[in-house]
Amino acid sequence: MTPEPPVESVHDLLRGMAALSGHRIVADVARLYGKGAPPDLSIACNHKQIASKQWLVEALAQTLPQPEGPVWVLGAWYGVLGALLLDDEGLAVSEVVSLDVDPSCASIAETLNHRHVASGRFRAVTADMTALDLAATTPRPGLVINTSCEHLADVPGWLATLPAGLPLLLQSNDYYREPDHRSCVPSLAAFREQAGLSEVWFAGARPTKNYTRFMLIGRR
Ligand SMILES: C[S@@+](CC[C@H](N)C(=O)[O-])C[C@H]1O[C@@H](n2cnc3c(N)ncnc32)[C@H](O)[C@@H]1O
């Protein structure tokens with residue numbers, strides 16, 4: 001087995017790449033890594049995860065570039081998507097609320113998004129998305145994103161708890177082999193049926209090596 005590279009050399013590498021690229025999010029990842037990141041940060045930031053989130057940002061810029069209220073990201077893990085949404089020049093997102101049921105995620109997400117925490121545009125929340133009352137939330141969300149639909153036991157049941165007409169962006173996949181996945185779908189058509197949106201503004205599938213990711217943007 002190849003030994004893990006020492007933490008200092010990965011930190012140095014990330015800081016070097018941040019300097020070379022001039023990319024603020026790379027600098028933020030390097031800073032987080034230097035503060036002691038969880039081992040699966042490398043999964044949350046791997047090229048497949050980043051590509052699926054860049055696909056999301058591009059599709060959102062075409063369909064709903066200026067949501068009329070905060071963007072709630074559910075199942076947000078370490079807040080990587082929030083960082084991309086808040087830095088993208090094609091989007092005008094006033095605020096991101098980054099929610100995950102895992103209590104270890106919030107502080108990591110806030111460290112990653114420290115610049116936006118300081119400016120009041122980012123906050124992380126620990127909660128179960130299936131127990132939220134988004135109809136009672138003020139200000140009303142302008143968009144709810146869930147890129148973790150495959151992790152829920154009952155996607156239609158969760159969707160039924162959301163206010164009618166709410167703008168939604170949903171992702172799922174056909175990666176049945178992953179043990180934490182409970183609601184995978186075999187095709188984009190099956191995902192459309194599972195989601196039952198009243199309006200669909202975007203529907204797409206993105207094949208990767210091991211699975212296909214599906215995305216829908218529209219209204220509940
Ligand atoms: C592996 S991660 C992200 C996977 C997803 N495909 C993505 O790239 O965004 C899934 C996250 O969903 C979270 N999660 C699962 N069920 C949840 C729930 N009921 N409420 C909030 N977060 C949940 C997990 O804690 C985990 O951080």
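Strand S5 (residues 167-173) is largely enclosed by the rest of the structure, because 7 of its 7 residues are buried. The model is predicted. S5 belongs to an open sheet of 7 strands. Helices H4 and H9 pack on that sheet. Helices H1, H2 and H6 add two further packing contacts, H1 with H2 and H2 with H6.

**Strand S5**

- Side chains of S5 point two ways: Pro 167, Leu 169, Gln 171 and Asn 173 go one way, and Leu 168, Leu 170 and Ser 172 go the other.
- Both sets are buried.
- S5 pairs with strand S4 (residues 143-146) in the parallel sense, over 3 bridges.
- Within that pairing, Leu 169 of S5 stands opposite Ile 145.
- S5 also pairs with strand S7 (residues 212-219), here in the antiparallel sense and over 7 bridges.
- Asn 173 stands opposite Arg 213 in S7.

**The sheet as a whole**

- The strand order is S3-S2-S1-S4-S5-S7-S6, and the pairing is mixed.
- Strand S3 (122-126) and strand S6 (199-207) stand at the edges.
- Each edge strand has a single partner strand, so one side of each lacks a neighbour in the sheet.
- Neighbouring strands are turned by 15° against each other on average, direction ignored.
- S6 and S7 pair in the antiparallel sense over 8 bridges.
- One of the bridge pairs there is Pro 207 with Thr 212 in S7.

**Helices on the sheet**

- Helix H4 (residues 47-63) packs on the sheet and touches S4, S5, S6 and S7.
- The direction of H4 makes about 25° with that of S7.
- Helix H9 (residues 188-195) also packs on the sheet, touching S5, S6 and S7.
- For H9, the angle with the direction of S7 is about 40°.

**Strand S1 and its neighbour**

- In strand S1 (residues 71-74), Val 71 and Val 73 point one way, while Trp 72 and Leu 74 point the other.
- All of these S1 residues are buried.
- S1 runs parallel to strand S2 (residues 96-100), and 4 bridges join them.
- Val 73 stands opposite Ser 98 in S2.

**Helix H5**

- Helix H5 (residues 80-87) has 8 of its 8 residues buried, so the rest of the structure largely encloses it.
- The buried residues of H5 include the nonpolar Val 80, Leu 81, Ala 83 and Leu 84.
- Asp 87 of H5 is buried as well.

**Helix H1 against H2**

- Two packed helices are described by the angle between their axes and the distance between the axes.
- Helix H1 (residues 7-21) and helix H2 (residues 24-34) pack at about 160°, with axes 8 Å apart.
- Angles over 145 degrees count as roughly antiparallel, so H1 is roughly antiparallel to H2.
- The crossing is left-handed.
- On the H1 side, the contact uses Val 7, Val 10, His 11, Leu 14, Arg 15, Met 17, Ala 18 and Ser 21.
- On the H2 side, Val 26, Ala 27, Val 29, Ala 30, Tyr 33 and Gly 34 take part.
- By class, this contact has 10 nonpolar, 3 polar and 1 charged residues.

**Helix H2 against H6**

- The axes of H2 and helix H6 (residues 105-112) come within 8 Å and cross at roughly 130°.
- H2 and H6 are therefore oblique to each other.
- H2 contributes Asp 28, Val 29, Arg 31 and Leu 32.
- H6 contributes Ile 108, Thr 111 and Leu 112.
- By class, this contact has 4 nonpolar, 1 polar and 2 charged residues.
- Val 29 is listed in the contact of H2 with H1 and in the contact of H2 with H6.

**Backbone points to check**

- Most residues other than glycine have a negative phi, and most peptide bonds are trans.
- The peptide bond from Thr 138 to Pro 139 is cis, with omega near -10°.
- Pro 139 lies in the loop between S3 and S4.
- Trp 77 has a positive phi, near 60°, and is a residue other than glycine.
- The loop between S1 and H5 holds Trp 77.
- Trp 77 counts as partly exposed because its relative accessibility is 28%.

How values were computed. Residues numbered from 1 in each chain as written. Predicted model: local features only at pLDDT ≥ 70, side-chain atom pairs only at ≥ 80, totals over all residues. Heavy atoms only, no water. Buried < 20%, exposed > 50% of the residue type's maximum accessible area, 1.4 Å probe, protein only. Helix = DSSP H or I, 4+ residues; strand = E, 2+ residues; numbered from the N terminus. Pairing = 2+ DSSP bridges. Axes fitted to C-alpha atoms, helices over the stretch in contact; angles between N-to-C directions. Parallel < 35°, antiparallel > 145°, perpendicular 65-115°, else oblique. Left-handed = near helix turned anticlockwise from the far one by under 90°. Contact = heavy atoms within 4.5 Å.
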